[in-house]
Amino acid sequence: MSEPQGAEAVVLVGGKGTRLRPLTLSAPKPMLPTAGVPFLTHLLSRIREAGITHVVLGTSYKAEVFQEHFGDGSGLGLELEYVVEDEPLDTAGAIRNVAHKLREPDVMVFNGDILSGVDLRGVLTTHRQARADVTLHLVKVDDPRRFGCVPTDEDGRVTAFLEKTENPPTDQINAGCYVFRREVVEAIPQGRPVSVERETFPGLLAAGARLQGHVDASYWLDLGTPAAFVKGSADLVRGIAPSAALAEGTGEALVLAGASVDEGATLSGGTTVGAGCTVAGGAVVEGSVLFDGAVVGEGARVERSVLGANALVQAGAVVSDAVIGDGAVIGARCELRHGARVWPGVVLPEAGVRFSTDV
Ligand code: GTP
């Protein structure tokens, strides 16, 4: 397939990822390992697969970590550039802040924490056919009440940006992927925080700009919360979520090199076992993400949870819908459920905690 001419990409990766704490205390959200690689690798690979090679990362929180890992991008077939914000500029402010690096007429902009199967070339085609100022990927969701929604008219033109409501008039929501004409980027106010959803898009609409919707119902997940993060990772491992960075149909579990899994352990539901992890006999690990060096003791149970790097879940403990920080120790026979989060390095004594929410 030919490369799309005249397009480049910006990925916003500067958020603090507060909803994913404590995991985001040590790494920015887009760098958290999902299905064995930093989450951002999946998105960058899809951008490359669509034929776009020039990508600018808008960074702020833990900015240096991205360049240390991806360098000039050549490992992924990309030309990667980085622009650091001294103070976080919010989404549109971050887009404006990279304008001096842009050189093509059409700029695809991505939130760096979205896992999506949208046809990126299709979004670009919609933008060009409509001669739009901005095109937004709008995804149809089952329960639009949880999101602000974005209705369109019969020509696909955006008619409003509506806040969350109990009776949304459409099931289309902003999917966090846009195409901007470069002049529109240059018109965003410079040097102060600006939000695309709250300021730029409503302002453009009020000014009569052409905002086009590209509506689809492909796979879509915002990985902002622990529950979404484990689901996204499991969907990647099971081949449900699209990625150009993984072998097809990986299966029920992905065990990375250097991990040791006892043959009496059960791994299922798209679990990832990171490098250097140990899973002992009789342990059950389902739909979970084990960062490098995590240890699951004999007979322990880990469900829909994240174990941070070198975290230790001792024999017979239960960790369910929980996030365990780097190096934390969950004592034998403790039970942690229902969104519990354990901060890095915390040591819970044997049988010391049951059903806690935050430790
Ligand atoms: P929460 O704190 O958990 O809400 O996460 P977040 O900080 O990542 O915010 P949110 O999920 O709303 O951000 C959406 C996308 O925009 C993510 O990819 C963020 O990395 C990115 N983002 C948010 N704020 C900024 C910012 O000030 N600068 C840059 N460069 N990116 C941002």
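**Two domains and a ligand, questioned**

Guide: Let's start at the seam: domain 1 and domain 2 bury about 960 Å² between them, with 74% of that on carbon and sulfur atoms. Keep in mind that this is a predicted model.

Visitor: What makes "buried" the right word for that area between domain 1 and domain 2?

Guide: Buried area is the accessible area that two parts lose on being put together, summed over both. The value of about 960 Å² belongs to domain 1 and domain 2 taken as such a pair, so it's a total for both sides.

Visitor: Where do domain 1 and domain 2 run, and how far apart are their C-alpha centres?

Guide: Domain 1 spans 7-226 and domain 2 spans 252-355. Their C-alpha centres sit 33 Å apart.

Visitor: How do you know that residues of domain 1 are in contact with residues of domain 2?

Guide: The cut-off is heavy atoms within 4.5 Å. Twelve residues of domain 1 and 14 residues of domain 2 pass it.

Visitor: How many salt bridges and polar contacts are there between domain 1 and domain 2?

Guide: Zero salt bridges, but three residue pairs in polar contact, both partners at pLDDT 80 or more. On the domain 1 side, helix α1 (residues 23-26) gives the most, three residues. By class, that side has eight nonpolar, two polar and two charged residues.

Visitor: Why is the pair Arg103 and Glu79 called a salt bridge?

Guide: The rule wants a side-chain nitrogen of Lys or Arg within 4 Å of a carboxyl oxygen of Asp or Glu. Arg103 and Glu79 come in at 2.7 Å, N to O, so the pair qualifies. Arg103 is in the loop between α4 (90-97) and β6 (106-111) and Glu79 is in strand β5 (residues 79-84), so the pair ties together parts that are 24 residues apart in sequence. The total by this rule is 20 salt bridges.

Visitor: Which residues are closest to the ligand, and what makes Arg19 a polar contact of the ligand?

Guide: The ligand has 19 residues around it, the closest being Leu12, Thr18, Arg19, Glu85 and Asp90. A polar contact needs N or O atoms within 3.5 Å. A polar side-chain atom of Arg19 is 2.8 Å from a ligand oxygen, so Arg19 makes the cut. A polar side-chain atom of Asp113 does too, at 3.2 Å from a ligand oxygen, and a polar backbone atom of Leu89 is 3.3 Å from one.

Visitor: Why single out the peptide bond from Arg21 to Pro22 and the phi of Arg131?

Guide: Most residues other than glycine have a negative phi, and most peptide bonds are trans. The bond from Arg21 to Pro22 is cis, with omega near 10 degrees, and Pro22 lies in the loop between β1 (7-12) and α1. Arg131 has a positive phi, near 50 degrees, and lies in the loop between α5 (120-130) and β8 (134-140).

Notes
Residues are numbered from 1 along each chain as its sequence is written. This is a predicted model: local features need pLDDT of at least 70, side-chain atom pairs count only at pLDDT 80 or more; totals for chains, interfaces and linings use all residues. Side-chain values use heavy atoms; hydrogens and water are left out. Domain bounds come from an automatic or database domain assignment. Buried area is the accessible area (1.4 Å probe) that two parts lose on being put together, summed over both. A polar contact is a pair of N or O atoms within 3.5 Å; within protein, one must be able to donate a hydrogen and the other to accept it, and residues adjacent in sequence count only if both atoms are side-chain atoms. Helices (H or I, at least four residues) and strands (E, at least two) are DSSP runs, numbered from the N terminus. Ala, Val, Leu, Ile, Met, Phe, Trp, Tyr, Cys and Pro count as nonpolar, Asp, Glu, Lys and Arg as charged, and the others, Gly among them, as polar. A residue is near a molecule or strand if one of its heavy atoms lies within 4 Å of it.
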